[in-house]
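Visitor: Hi! I'd like to get to know this protein a bit. Could you walk me through it?

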Amino acid sequence: MTLSFTYQGSAARIVFGNGTSGDVGKWVEALECRRALVLSTPHQASDAQAMSKRLGNLSVGTFTEATMHTPVDVTERAVARAAELGADCVVSLGGGSTTGLGKAMAYRTDIQQIVVATTYAGSEVTPILGQTENGAKTTLRSPKVTPEVVIYDPQLTLGLPVGMSITSGLNAIAHAAEGLYAPDRNPMTTMMSIDGMRALKDALPVLIDSPHDGAAREKALYGAWLCGTVLGQISMSLHHKICHTLGGSFDTPHAETHSVMLPHTIGFNASAVPDLMTPISDIFGDATPGQALYDFAKSIGSPMALSDFGLSEADLDRAADIATKNPYSNPRTIDRTAIRALLQDAWSGRRPPY
């Protein structure tokens, strides 16, 4: 076998382990910063305020308006708030919404970032920023948006609701699954994809009955880190294009949309590159990759249909139009008829044919 590939690891410093969130102040100082602004969603505002209090003189306050899909107007308010307070870094406490806000601020101002991850989103270790404006979501890649420090403290995920754990975990699996057939994949990203998916496959079912199981939480967070790292190093394909379309243009919930679409998009592409997708069947079951992922998602209580999110059947035509316009690179040829049929299956919650 002859190998030829290029590999570059993430520039983010990874700090993993129980209790590591208690060291945020140390990492603020390591970045030579003294005025941290703590970011969160409104739901985690009390946690952000507690974090700010623990930082003491190293914190200038909080901004707790982070929102799903990173609306540009929210980012502009956060940038103004940081400037008003003289912040020299941000501490993003939470999942993808809060991480996205910190990254959007860094893209505009070069402010340094520390992320304290509390879900399995994975975006904290990527140079990818998705933003929404005027009903459309666009993505970009830039080293400016990669956080300087990412803290993974499994103890912070003990209270993550089971439903959110499931959808966040499936979102992470989607990152790794697309990594298996990305045109710029390499042996390292493939190993991380497989190990990350296996860790989540083992951990998520345990969390249904034992959401406070420390070992399962640790394994799930480890898997999410690996899957997110893969996403940061490969080109996104059909799955992410469709999810960005649905989230940005129809405001469907982020992790839930990934969870529903995962079996359909992966099954669609597996029919073109079956050898590359063999690890999915090996990990999740003996069915085809799409069917194996569908069966696994259903077994752990994931939402299964786009119709559950208020998306109407009439919306599917417009979604197919947007998703097939300027498509991402993909191993299977994308045509509107096939994508419209795929969306119909996902809307209905039907088990994919692949």
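Visitor: Which residues in α8 meet residues in α9?
Guide: Happy to help, and keep in mind that this is a predicted model. On the α8 side they are Leu 238, His 239, His 240, Ile 242, Cys 243 and Leu 246. Their partners in α9 are Thr 257, His 258, Met 261, Leu 262, Thr 265, Phe 268 and Asn 269.

Visitor: And by class, how many are nonpolar, polar or charged?
Guide: The contact of α8 with α9 has seven nonpolar residues, six polar ones and no charged ones.

Visitor: At what angle do the axes of those two helices cross?
Guide: Helix α8 covers residues 238-250 and helix α9 covers residues 254-270. Their axes cross at roughly 145° and come within 9 Å. The crossing of α8 and α9 is right-handed.

Visitor: What about α5 and α9, how do they cross?
Guide: Helix α5, residues 162-179, crosses α9 at roughly 35°, and the axes come within 8 Å. That crossing is left-handed. The α5 residues involved include Thr 167, Leu 170 and Asn 171, while those in α9 include His 254, His 258 and Leu 262. The contact of α5 with α9 divides into seven nonpolar, seven polar and two charged residues.

Visitor: You mentioned His 254. What does His 254 touch, leaving out residues up to four places away in sequence?
Guide: With those left out, His 254 touches Met 68, His 69, Lys 137 and Asn 171. His 254 sits in helix α9.

Visitor: Is His 254 buried or exposed?
Guide: Somewhere in between! Its relative accessible area is 29%, and partly exposed covers the range between under 20% for buried and over 50% for exposed, so His 254 counts as partly exposed.

Visitor: Okay, new topic: the sheet. What is the order of the strands?
Guide: The order is β1-β8-β5-β4-β2-β3, in an open sheet of six strands with parallel pairing. β1 (13-16) and β3 (59-63) are at the edges with a single partner strand each, so one side of each has no neighbour in the sheet. From one strand to the next, the twist averages 20°.

Visitor: How many bridges do β4 and β5 have between them?
Guide: Strand β4, residues 89-94, pairs with β5 over six bridges, in the parallel sense. Cys 89 stands opposite Gln 112 in β5. As for β2 (residues 36-39), four bridges join it to β4, also running parallel. There, Leu 37 has Val 90 in β4 as its bridge partner.

Visitor: Why is β5 largely enclosed by the rest of the structure?
Guide: Because five of the six residues of β5 (residues 112-117) are buried.

Visitor: Which helices pack on the sheet or lie across its strands?
Guide: Helix α2 (residues 45-55) packs on the sheet and touches β2, β3, β4 and β5. The direction of α2 makes about 175° with that of β3. Helix α7 (residues 214-231) lies across β1 and β8, and runs at about 170° to β1.

Visitor: Last one! What does UniProt list for residues 12-154 and 166-347?
Guide: In an unreviewed entry, UniProt lists residues 12-154 as "domain: Alcohol dehydrogenase iron-type/glycerol dehydrogenase GldA". That span is 32% helix and 29% strand in the model. For residues 166-347, the unreviewed entry gives "domain: Fe-containing alcohol dehydrogenase-like C-terminal". Over residues 166-347 the chain is 68% helix and 0% strand.

Conventions
Residues numbered from 1 in each chain as written. Predicted model: local features only at pLDDT ≥ 70, side-chain atom pairs only at ≥ 80, totals over all residues. Heavy atoms only, no water. Axes fitted to C-alpha atoms, helices over the stretch in contact; angles between N-to-C directions. Left-handed = near helix turned anticlockwise from the far one by under 90°. Contact = heavy atoms within 4.5 Å. Nonpolar A, V, L, I, M, F, W, Y, C, P; charged D, E, K, R; others polar. UniProt positions renumbered as here; feature names shortened; annotations may be inferred. Buried < 20%, exposed > 50% of the residue type's maximum accessible area, 1.4 Å probe, protein only. Pairing = 2+ DSSP bridges.
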